[in-house]
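Here are my comments on the model you sent, set out as numbered points. Please read them with the structure open beside the text.

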Amino acid sequence: MTSPLFKTWAEVDLSAIVHNIRRIRELVGPAVKILVSVKADAYGHGVYPVSRASLAAGAEWLGVSHVKEALELRAYFPRAPIMILSAGMLGHSRPIVRNDLVPVISSLEIARDLGQEALSMGRRAPVHLMVDTGMGRIGIWHENFLPTLEKMTRVKGIRLEGICSHFSTADRPDTSFATEQLRAFNAVVSAAAARKISFALRHIANSGALLGIAESRLDMVRPGLMIYGIYPAPHMEEMIDLKPALSLKTQVAFVKRVHPGRPISYGRTYICPRETVIATLPIGYGDGYSRAHSNRGEVLVRGRRAPIVGLVTMDQLMVDVGRIPEVRVGDEVVLIGSQEGESITAEEAAGRIGTIPYEVLCQLGKRVSRVFKNEPAAAPPQ
Ligand SMILES: Cc1ncc(COP(=O)(O)O)c(C=O)c1O
């Protein structure tokens with residue numbers, strides 16, 4: 001299956017998203033809510049189809065990063081609960097309240113701004129308070145939380161619906177720091193309860209914690225990576241059966257025979273050591289396929305691995321197909337995904353260039369057409 005306009009595409013199998021969410025549901029049970037992290041265009045997969053499939057599979061919430069992402073999502077899903085997970089909302093209280101978006105907040109300043117806006121509309125804005133238990137990013141440090149919370153309870157126009165935190169190391173085999181974060185979070189929640197302040201939704205678990213620290217599931221989990229079928233860490237592969245949703249594909253655009261000693265691509269970083277066949281593929285760093293794959297990456301052609309030779313350029317890269325018989329223009333090439341029983345995972349592609357699968361997926365550019373397969377038939381009203 002190819003895009004009619006461009007010969008490089010990402011195939012997103014929505015039945016894999018549904019499968020992964022159902023496996024998560026089996027793990028967490030019916031009482032725990034699932035917020036799917038669909039920020040950054042659903043980790044590069046395409047936010048609308050992934051959100052639709054996630055809600056159809058039984059996820060209750062959609063989580064995005066910024067107000068802009070939330071508003072774009074709201075236009076498609078008039079009723080789905082949408083949470084804004086990152087900071088940077090000051091000055092945006094009106095669209096947040098008007099569009100029933102639920103912000104995660106870390107300061108009194110934003111609480112007051114939201115409250116004022118909500119009051120002017122005769123409403124109370126639900127908010128979730130972020131506690132920093134060791135991530136060192138957003139949130140109120142857990143040691144200082146109670147005094148801030150007491151002031152929060154006096155802010156008019158807001159409703160303290162949730163309390164949350166975020167792990168920094170939950171995907172590691174050594175869970176000691178993550179367990180310490182969970183302990184700090186639970187301590188804050190208990191101290192609030194002792195002051196008769198309770199929250200309907202307590203949440204802290206990302207994918208790594210959802211799998212690795214069962215006690216962290218609380219009232220809601222916030223998986224991202226897992227819903228796309230990627231394991232947070234190799235030691236978690238036995239814990240759940242996930243299916244990768246995205247395959248990155250292209251087609252051979254040009255083939256030529258080259259003699260020993262011929263240089264390939266900018267900078268002449270690769271000199272052909274023997275007579276071979278070089279295939280040119282219409283994908284490059286302009287599509288978000290990192291230049292770090294130069295002279296290092298591999299692709300699948302005719303079910304076999306072919307090495308990337310020379311520097312990856314903006315729009316094209318070259319692979320040595322000398323050992324693969326009869327490679328022709330138009331042959332399908334897989335950069336991430338499976339072909340005839342062989343596969344290259346996002347984890348492998350990331351590991352090869354010293355990064356994480358999150359980055360490999362999020363980087364896929366606009367020029368890469370997204371082709372969606374197996375859209376679930378019956379989505380509930382959203
Ligand atoms: C606040 C928050 N919750 C949940 C997630 C999902 O994390 P993961 O993709 O590791 O499951 C993220 C992603 O970075 C996040 O920032």
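1. Which residue ranges does the domain assignment of the chain give for domain 1 and domain 2? Domain 1 is assigned to 14–228 and domain 2 to 246–344, and the C-alpha centres of these two domains lie 42 Å apart. Please keep in mind throughout that this is a predicted model.

2. As for the overall picture, the C-alpha trace of the chain spans about 80 × 40 × 40 Å along its principal axes, and the chain contains 11 helices and 21 strands. Of its 382 residues, 46% count as buried, while residues 24 or more positions apart in sequence make up 66% of the contacts with a separation of 6 or more.

3. The largest nonpolar core deserves a comment, with its 113 residues and with I17, I82, I84, L114, V299, V319 and L335 as the members that have the most contacts inside it. Both domain 1 (14–228) and domain 2 (246–344) give residues to this core, so it lies between them. Taking L335 from that list, one finds that, once its neighbours within four places in sequence are left aside, L335 is in contact with L248, T250, I283, Y289, V299 and I344.

4. S54, which is found in helix α3 (residues 47–56), counts as buried because it has 29 C-beta neighbours inside 10 Å. Not counting residues up to four places away in sequence, S54 touches I17, I21, V36, A59 and I227; among these, I17 is also listed with the residues that have the most contacts inside the largest nonpolar core. S54 and G365, by contrast, are separated by 311 residues in sequence and by 23 Å in space, C-alpha to C-alpha.

5. Turning to the ligand, the residues that surround it are S37, L85, H166, N206, S207, G208, R222, P223, G224, L225 and M226. Sorted by class, this shell has six polar, four nonpolar and one charged residues.

6. Is strand β12 (residues 254–258) well covered or hardly covered? Strand β12 is hardly covered, since the count of buried residues among its five residues is zero. This strand nevertheless has a partner, for β12 and strand β15 (residues 276–281) pair in the antiparallel sense over five bridges, and within that pairing F254 stands opposite T280 in β15.

Technical notes:
Residues numbered from 1 in each chain as written. Predicted model: local features only at pLDDT ≥ 70, side-chain atom pairs only at ≥ 80, totals over all residues. Helix = DSSP H or I, 4+ residues; strand = E, 2+ residues; numbered from the N terminus. Buried ≥ 20, exposed ≤ 12 C-beta atoms within 10 Å, placed from the backbone. Contact = placed C-beta atoms within 7 Å. Domains from an automatic or database assignment. Near = placed C-beta within 6 Å. Nonpolar A, V, L, I, M, F, W, Y, C, P; charged D, E, K, R; others polar. Core = buried A, V, L, I, M, F, W, Y, C linked by C-beta atoms within 7 Å. Pairing = 2+ DSSP bridges.
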